[in-house]
Structure formats: structure tokens, C-alpha cells
Amino acid sequence: MKIWTKHLHYVFTYRDVSYNELSGSFPSWIEEQDLQLNLVANNFTIESANNSVLPSGLSCLQRNFPCLRDSPIYYNFAIKCGGPQFTSSSQTVYERDNETLGPATYYVTSSNRWAVSNVGRFGENNNAQYMSFTPSQITNTLDPELFQTTRISPGSLRYYGFGLENGNYTVTLQFAEIAFNIPPTWKSLGRRVFDIYIQGNLVWKDFDIKKEASAVLFQAIQRVFKAQVSENYLEIHLFWAGKGTCCIPTQGTYGPSVSAISAISDFIPTVSSNPPTSKKSKTSLIAGIVVPVGVVSCLSVLAVYCFVQRRKRPGWDNDEELLGIEARPYTFSYAELKAATEDFNPANKLGEGGFGPVFKGTLNDGRVIAVKQLSVASHQGKSQFVAEIATISAVQHRNLVKSGYIAPEYAMRGHLTEKVDVFSFGVVALEIVSGRPNSDSSLEEEQMYLLEWAWHVCGNNREVELVDANLLEFDEEEVKRVIGVALLCIQTFPRQRPSMSRVVAMLSGDIEVGSVTSRPAYFADWKFNDTTSFMTADTPSAENEHSQFGTSTSASMAADPGHSPINCSRPLLREDIGESR
């Protein structure tokens, strides 16, 4: 059937003549400015002169889809509809599908692996993007980003897979309804209904994303279908048959919508599924592979020599200490950490501990990290530094503060609770007030351990003695408040410590600072010259903390009148402490 100019030369900007079995050469009017043409599934004679006018790849979309016909190279494909390339948690790479489409357009990938075709115009929206995006969190999936973009159409949306090895395939379509508002507003009442065809067969009539998700919006769902490829191509067609709503929450909200499409063979393939390479790249590959054996041998000898010399270096064993850690930490190259911290920029310095400075950094994937640098001037050894890494690496908890000041429940039992950070904060607060580290063997015996010393001076109403000697001016009441809060934070049991929100409220003066009437149990029989024992062997287990520890604490206080209960501020009722859990 020939195309006659006088019959088709109408004035519409968008013209769809797909699936009409048209043939012959193109008329001159295809060169009209701003003209959109969908010419899919016809038998046109495509000349080189047409390539500058029409989108590339039309030859692959002619009748029977001739690209890679009878010479397949693929056995799968995956598409992130309406969005950029994405790698899923299962390591499936979804190719990008964020090209701009219009009312009568198509797009073919440069590798001729797949294509997309759209027909239909949102009459109510002159600026339609034919893509949709939401920043909202998508539920019911390990890959929420995959569902935050969708390809939409007001009429007919088709995806094609080319060059597929013939056989049976599993086709997975993934959806999430992101256009409607969350109930209870009226904007949540819209219904998107369309039909699904695979290889020309109707596989689902009146498909409704929201209904299939049990009326839950922003929830991922997927539907799996079987299909047979017999002519090296696969066609998936989503078609709006005029059902559902049209104008909720806004006009033009209707028609097909899909988040991701994938297809994979059910058989053992005999092709590589790698895109074709050019002759030039093949030549380069051969040149790269054919390397003289002599060069390889020299490099091998050099590598062995360097390895042997490194083993002879005094510090080799220390370099291997990280490899002996049972809970293997994530490791990063020096270049990665240098880039993350902007070359250890002083502006990113968070603080400094016994091992050296700590810097804030941002990795390439956006994760914010703290980088602890072992200082050359540090008095701590590498083995102690590695020991701290081992301790931190063995822990996976959202509230863990990396501060080697570990709460009793973790130090003794390895139990992490919501109050581990609270304990660490209490120690840090005391260090800030006193201007000294938690432990300092250069001081007198009774002052050697900061927590013990703080309890002692506060119990004898001598809080001022704890203040940093370099601090010439300070508010005595504020000092007492900070010390009182810190002592609440370092209580033995998590239930006895306040929440961080309560800590902030007490420090800001919004609520009163409660008094601590029981000395922390881990002080019991603590020998100043014994740095290896944190608590005595008689200390009850965490399982019996409510009864046994109470008895142990009372007995300890009675036996040691030098450590009396303190009252740094007004009394705090037990139920107030309970509320802060």
C-alpha cells in the first residue's frame, strides 16, 4: 500500500500511523518543523536522507522487527521505566528509560537491545512529560528507588525487546501507584485501569495498580508472566481502553503506568547477552591481550620481589593485624578517605582523642562517615587502635557512638540498648567540664578515674573542684547542672538513664535535673591499680538486674560510707526515670 501525500497531508502536529502496513518512501511533509511521527510496525523504505529528520532506530521498529533477526545476541533485558539506570539489590542492572517522549514518538537504544513507543496525548495537559516521579518512600520492596519513577501514557505504551534468543521467557512487570494522594482526602479516590498484552495476547484485562496493592498507595507490586519468543523479539503492550477515572487528583491522570520491566530466558542460553562491539574496539581488545610474555614475566618477578621486601619490613606483622579481626570491618583506601574528608581539611575536624583527630567525611555514594586518624604523636599503640576498630566493627547499631567509653551492658554482656549513647554522652560531658580524659594515670590515685572522682566531689558538694583549671570564669549553677545530668547518664542500667531528649531538656533548663541516690554498681570494689577489671566477679548478671543489683548496690553503699548518696539537684521520682526509657 502506497502513501499518497494528498490523503495524509493534514495539519495535526502529532501523527500516528503505526501498525498500518504502510510501505514505500516517505512524503516530503515529514520534514515539517515540530512534527511528531510514530511510524512503528510498517514497511517503509528508509533512506539515508531520512535519518536527519526521524529519530534513529526506526529500521528496528519496522514490520517484523528486523534488527538482529535470525542472529540473536541477547537472552534478557531490564528497563527502569521513566528513570535513570539502576542496579537492584539482586544485582539486576535496569537500563535507563528517561528519554523525552511525546504523543507520537518512539525511542530505540544505541545497542538495539530494546525500544519504547508511545501513542496518545494528554489533552488536558500541554506540558505532559510522559514520566512521573515521587520523592515519597515506596513500601513492600528492597529497591524503593526503582519505583519512584514511572513511564506513563494516555493511550498506548509499548516496549520491545530485540535480538532475543528464541524460547520461553519470564516477563516481570513492576508497578507502584504514585499519582494519587494518600487517604483520607478525595484525591485518593482515583482509579487507573488499563489492559496488558504480551506478544499480542491479552494477559490481564482491566489491570488496576491500586486494587492489586489492596488499595495501598506508594506500595510496590509485581506481576510475572510467561511468554514465548519465536521470532527473536518480545512485545509488551499497555493499553488504556477508556476505563477508570480521568481527573483525580488532577486532569490527565489516567492511562498505563509502569515502573520497571524485565525479561529473562527460562532456558540455558547460548548467547552472551553482551551488546555488539565495533571493529575498532575488537582490534583494541586483541592488541591489549597479545602482550609479550617477557613483559608479563618481568612484572611477575617485580611483584614477587616487592612482596618479599615488604615481608622483611619491621611493621609487616602490624599491617596484618586488621586481617585477624573476627568481625571484619569495611575497609577503604587512603585515597577514598582523603577524598571523603577533602584531604583531611581542618574545617571537617570533629574533635581529637587519644589516638588522634577525627574528621567528618562524605563517601561517593553520599554516606556520611567519621574518619579516625592514628596520629604519629599518639601515645597509644597500633595494637590498641586496632583493638578499638575490632570493638566497633563487631557492633551494628543505629545509636552506637564510636567512643572505644562503652556502657556497662555492652562491656560486660555485649548487649546494645537505646541508652548506650546516653552513657557515652555522660562521660564526654564530664570530660568537657573537667578538661581531662576519662582516665589519667598521671594524677593522684583518687583522681585517676574521672567517673569515680566526679561522683566523689559531687557527693561532698565540691563540684567546683571538677572544673577545668584553665576555665577562669563560669556559672557555678550551670556546672552543677551539667555534672548532675552527666551522673544520671552514667548509671549502671539503661532503665536508670534518661533519654537524650530528656537530657537536652535538663541541660536547657526546661525541666529540673533529678538527683542520683544510688552510686553506680560498677564502682563496687573497683581497684585503681587494676585496669583489667571493670566490675567484680560478684556482679549480678543483666538478667537479674531488677533484684540482685539493687541488693548489691545497697550493700556496697553500707560497706563504704565514704561514698554517700548525692543530691546535686532536686529529687527525681523513679517514675520520671521510667518515662525517659
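**Cysteines and disulfides in the predicted model**

I begin with C81, which is buried, its relative accessible area being 0%. The same value of 0% is found for C489, and since the cut-off for buried is under 20%, C489 is therefore buried. Please keep in mind throughout that this is a predicted model.

Let me turn to the disulfides. How many does the structure hold? There are two disulfides, and I shall take each in turn.

One of them links C60 with C67, at an S to S distance of 1.8 Å. About that S-S bond, the torsion of C60 and C67 is about -75°, and the disulfide is therefore left-handed. As for their surroundings, both C60 and C67 are buried.

The other pair is C246 and C247, joined by a disulfide with an S to S distance of 2.5 Å. A pair of cysteine sulfur atoms counts as a disulfide when within 2.5 Å. The handedness of the link between C246 and C247 is left, with -75° about the S-S bond.

Are C246 and C247 buried or partly exposed? C246 has a relative accessible area of 35% and is partly exposed. C247, at 32% relative accessibility, also counts as partly exposed. The reasoning rests on the two limits: buried means under 20% and exposed means over 50%, so a value in between is partly exposed.

To close, I return to the two disulfides. C60 and C67 are both buried, whereas C246 is partly exposed, as is C247. The disulfide of C60 and C67 is left-handed, and the link of C246 and C247 is left-handed too. Thank you.

How values were computed: Residues numbered from 1 in each chain as written. Predicted model: local features only at pLDDT ≥ 70, side-chain atom pairs only at ≥ 80, totals over all residues. Heavy atoms only, no water. Buried < 20%, exposed > 50% of the residue type's maximum accessible area, 1.4 Å probe, protein only.
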